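Here are some short exercises to work through with the model open in your viewer. Try each task before you read its solution.

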Amino acid sequence: YGVGVEAVQEIHDNAAAAATIAVKGGHIRKIAKDKKTLHTVVASHPATMKQIRSDAAKRADAEEWEKRTIGWLRSQYGDDLKSVIRHQDEEYYHIHAYVVPVNEPGMSALKYHPGTVAKRAIMDSGKDGEDRKALSKRADAAYKAAMRAWQDSYHEAVAVPCGLTRLGPQ
């Protein structure tokens with residue numbers, strides 16, 4: 001889906017070169033070189049490449065999973081989803097997605113990480129005098145809840161229609 005990895009790099013590098021942020025006193029600065037400006041997602045199908053290559057039904061299942069995953073990624077990231085690349089060079093069939101926040105002046109890719117967004121919201125809304133440990137505990141809980149909701153969204157949109165289970169850590 002979208003453009004190749006080289007084109008993603010060019011889009012990213014051009015946007016990063018032009019990106020600025022407002023700092024104290026209303027001054028405008030270029031973004032820091034170590035700022036997180038690219039969001040990536042890796043999604044793996046449970047079938048091995050050996051199974052996919054030798055079984056037409058498994059191949060069809062994986063292709064349907066890929067189509068649904070790309071649809072879900074598009075619903076999550078909109079026009080900032082620049083590329084989805086299929087990888088068949090490792091043991092399991094998987095895809096890599098590249099999201100470039102080109103419409104964000106500061107080019108912050110962290111806006112796409114639901115856990116980070118939820119945690120920051122709690123940390124930024126901390127009440128004066130609130131115990132730092134309690135605030136951090138609330139923020140961590142918000143992080144986990146947001147990540148769980150993000151995974152639930154993927155599970156409902158992709159895994160369930162593809163007949164995949166969600167077993168969690170074991």
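**Exercise 1.** Find the residues that Tryptophan 65 touches, leaving out those up to four places away in sequence.

*Solution.* Keep in mind that this is a predicted model. Start with Tryptophan 65 and look for its contacts at Ala43, Ser44 and His45. Next, pick out Tyr93, His94 and Ile95. Finish with Tyr154, Val158, Cys162 and Leu164.

**Exercise 2.** Which members of the largest nonpolar core touch the most other members, and which element gives this core its largest share?

*Solution.* The core has 20 residues, and Trp65, Leu73, Tyr77, Leu81 and Val84 touch the most other members. Now sort by element: strand 3 (39-48), helix 2 (49-54), helix 3, strand 4 (81-87), strand 5 (92-99) and helix 5 each give two or more residues. Helix 3 supplies the largest share, with 6 residues. Look elsewhere too: a second, separate core holds 7 residues, including Ala15, Ile31, Tyr98 and Met107.

**Exercise 3.** Describe how helix 3 (residues 56-77) and helix 5 (residues 132-159) cross.

*Solution.* Two packed helices are described by the angle and the distance between their axes. Here the axes come within 9 Å and cross at roughly 135°. Angles over 145 degrees would count as roughly antiparallel, so helix 3 is oblique to helix 5. The crossing of helix 3 past helix 5 is right-handed. On the helix 3 side, the contact uses Trp65, Arg68, Thr69, Trp72, Gln76 and Tyr77. Helix 5 brings Trp150, Ser153, Tyr154, Ala157 and Val158. By class, this contact has 7 nonpolar, 3 polar and 1 charged residues.

Notes: Residues numbered from 1 in each chain as written. Predicted model: local features only at pLDDT ≥ 70, side-chain atom pairs only at ≥ 80, totals over all residues. Heavy atoms only, no water. Axes fitted to C-alpha atoms, helices over the stretch in contact; angles between N-to-C directions. Helix = DSSP H or I, 4+ residues; strand = E, 2+ residues; numbered from the N terminus. Parallel < 35°, antiparallel > 145°, perpendicular 65-115°, else oblique. Left-handed = near helix turned anticlockwise from the far one by under 90°. Contact = heavy atoms within 4.5 Å. Nonpolar A, V, L, I, M, F, W, Y, C, P; charged D, E, K, R; others polar. Core = buried A, V, L, I, M, F, W, Y, C linked by side-chain atoms within 4.5 Å. Buried < 20%, exposed > 50% of the residue type's maximum accessible area, 1.4 Å probe, protein only.
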